[in-house]
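Please look through the structure shown here before reading on. The report below is written for a reader who meets it for the first time.

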Amino acid sequence: MAFVNIGPASDQGWNWAHDQGAKYMEEQLGGAVEITFLEDIPEGPDSQRTFEQLASDGNKLIFGTSFGYMDPMLAAAEAFPDVVFMHNTGYKTSENMGNYFGAAEEARYLSGLAAGAATESNLIGYVAAFPIPEVIRGINAFTIGVREANPEALVEVVWTSTWFDPPKEGSAAQSLLDKGADIIAMHQDSTAPGQAADTAGANWVGYNTDRSDFAPEAWLTAPIWNWGPFYLKTAQEVINGTWASEAYYGNMADGMVELASFGPDVSDETKALIAERQAAIIDGSFSVFSDPIVDQDGNERPLGNIFTEEHNWFVEGVVGSPTG
């Protein structure tokens with residue numbers, strides 16, 4: 001089988017988390033699998049050629065872990081109907097292609113509670129990659145948490161149009177710090193926004209993995225991923241011949257989505273509130289999004305489109321454009 005990643009596992013973020021999940025699966029299955037890892041594969045035609053070459057080379061299960069791989073993988077799946085393809089973060093499926101993601105918005109909301117309680121300037125910066133539903137949904141969930149803890153706080157978004165570009169992400173974070181933000185949140189793969197926050201004496205809400213060791217004084221918490229159990233389950237199904245195409249959406253209840261450790265600036269009171277909300281999310285008695293939601297223009301919005309391309313609006317409290 002093969003894993004195709006948009007960036008390097010050395011990012012200690014998104015790609016590293018997938019790499020760790022794949023290694024967990026490999027350890028559990030022992031000699032039953034042989035894994036090819038590919039990094040820095042661009043979205044678009046290059047990725048389709050990569051998927052097709054991997055299929056031609058005999059791989060029976062191919063994972064692609066970036067949103068922009070969706071249509072190229074769908075085309076490759078049509079060309080190789082006997083190979084199982086799994087696309088991460090998208091929404092399209094076929095007979096031999098499934099997709100998978102998780103409710104990062106649950107942990108995003110919880111991290112927003114921590115940020116809203118910790119801000120003193122009432123301005124929180126958010127360094128964001130691309131204006132796609134996954135990212136917009138996360139920003140909205142984070143802001144709902146922020147505003148629950150602190151109704152006066154605002155979340156200002158800067159787009160980078162990159163998943164992994166440390167200089168650009170660091171500059172985006174610095175631009176927000178220069179405006180008075182005292183917390184930087186992010187939907188990026190590098191630690192550059194955290195470095196900028198740490199240097200400025202601000203706080204940092206990370207993403208993908210627990211990087212409290214990277215900037216321990218700046219660290220608040222982060223939404224993080226645990227891909228290993230899902231990768232193990234999928235590989236076992238392919239090996240056993242029981243795999244069937246589906247759109248899998250994990251969450252905090254099944255352990256795919258988690259909240260990282262807390263930094264020193266998260267108070268005991270805030271930790272207790274987060275624990276209460278997390279328990280309610282897991283048992284199903286609390287939902288991050290509930291009808292109606294008011295957008296940044298004061299209009300009520302239905303929830304039916306938060307997982308599609310039509311989810312292109314920000315909630316009240318976000319500063320910036322949802323279209324990039």
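What follows describes a predicted model, taking its nonpolar core, a pair of helices, its salt bridges and a few single residues in turn.

**The nonpolar core**

The largest nonpolar core comprises 102 residues, and those with the most contacts inside it are Met25, Ile62, Phe85, Ile139, Phe142, Trp225 and Trp227. Helix 4, which spans residues 104-118, gives the most to this core, contributing 8 residues. Phe85 can serve as an example of the contacts involved: leaving aside residues up to four places away in sequence, Phe85 touches Phe51, Ala55, Ile62, Met73, Ala76, Ala77, Phe80, Asn96, Met97, Gly98 and Trp243.

**Helix 4 and helix 9**

How do the axes of helix 4 and helix 9 cross? The two axes come within 10 Å of each other and cross at roughly 165°, and because of this angle helix 4 counts as roughly antiparallel to helix 9. The crossing of these two helices is right-handed. On the side of helix 4 the meeting residues are Glu106, Tyr109, Leu110, Leu113, Ala114 and Ala117, while helix 9 brings Thr270, Leu273, Ile274, Arg277, Gln278 and Ile281.

**Salt bridges**

Side chains of opposite charge can pair when their charged atoms come close. In this model the count comes to 11 salt bridges, and the table gives some of them, including the distance from N to O.

| Pair | N to O distance |
|---|---|
| Lys23 and Asp19 | 3.1 Å |
| Glu148 and Arg277 | 2.8 Å |
| Glu237 and Lys233 | 3.1 Å |

Lys23 and Asp19 stand 4 residues apart in helix 1 (residues 14-29), so about one helical turn separates them. Lys23 is partly exposed, with a relative accessibility of 36%, whereas Asp19 is buried at 9%.

Glu237 and Lys233 likewise belong to one helix, helix 8 (residues 228-240), where they are 4 residues apart, about one turn of the helix. Lys233 counts as partly exposed, its relative accessibility being 31%.

Which parts of the chain does the salt bridge between Glu148 and Arg277 link? Glu148 forms its salt bridge with Arg277, and this pair links distant parts of the chain, since Glu148 lies in helix 5 (residues 133-149) and Arg277 in helix 9 (residues 268-283), 129 residues apart. Glu148 is partly exposed, at 33% relative accessibility. Salt bridges that share partners join Glu148, Glu276 and Arg277 into one network. Arg277 also appears among the residues of helix 9 that meet helix 4.

**Single residues**

Val319 lies in strand 16 (residues 318-319) and is partly exposed, with 32% relative accessibility. Not counting residues up to four places away in sequence, Val319 touches Leu154, Val155, Glu156 and Val157. Val319 and Ile124 are 195 residues apart in sequence, yet their C-alpha atoms are 9.9 Å apart in space.

Most residues other than glycine have a negative phi, and two residues in loops can be set against that background. Thr89, although not a glycine, has a positive phi of about 90°; Thr89 sits in the loop between strand 4 (84-88) and strand 5 (97-102) and is buried, at 8% relative accessibility. Asn122 also has a positive phi, near 65°, and is placed in the loop between helix 4 and strand 6 (123-128). With a relative accessible area of 26%, Asn122 is partly exposed.

Note on methods: Residues numbered from 1 in each chain as written. Predicted model: local features only at pLDDT ≥ 70, side-chain atom pairs only at ≥ 80, totals over all residues. Heavy atoms only, no water. Salt bridge = Lys/Arg side-chain N within 4 Å of Asp/Glu carboxyl O. Buried < 20%, exposed > 50% of the residue type's maximum accessible area, 1.4 Å probe, protein only. Core = buried A, V, L, I, M, F, W, Y, C linked by side-chain atoms within 4.5 Å. Contact = heavy atoms within 4.5 Å. Axes fitted to C-alpha atoms, helices over the stretch in contact; angles between N-to-C directions. Parallel < 35°, antiparallel > 145°, perpendicular 65-115°, else oblique. Left-handed = near helix turned anticlockwise from the far one by under 90°.
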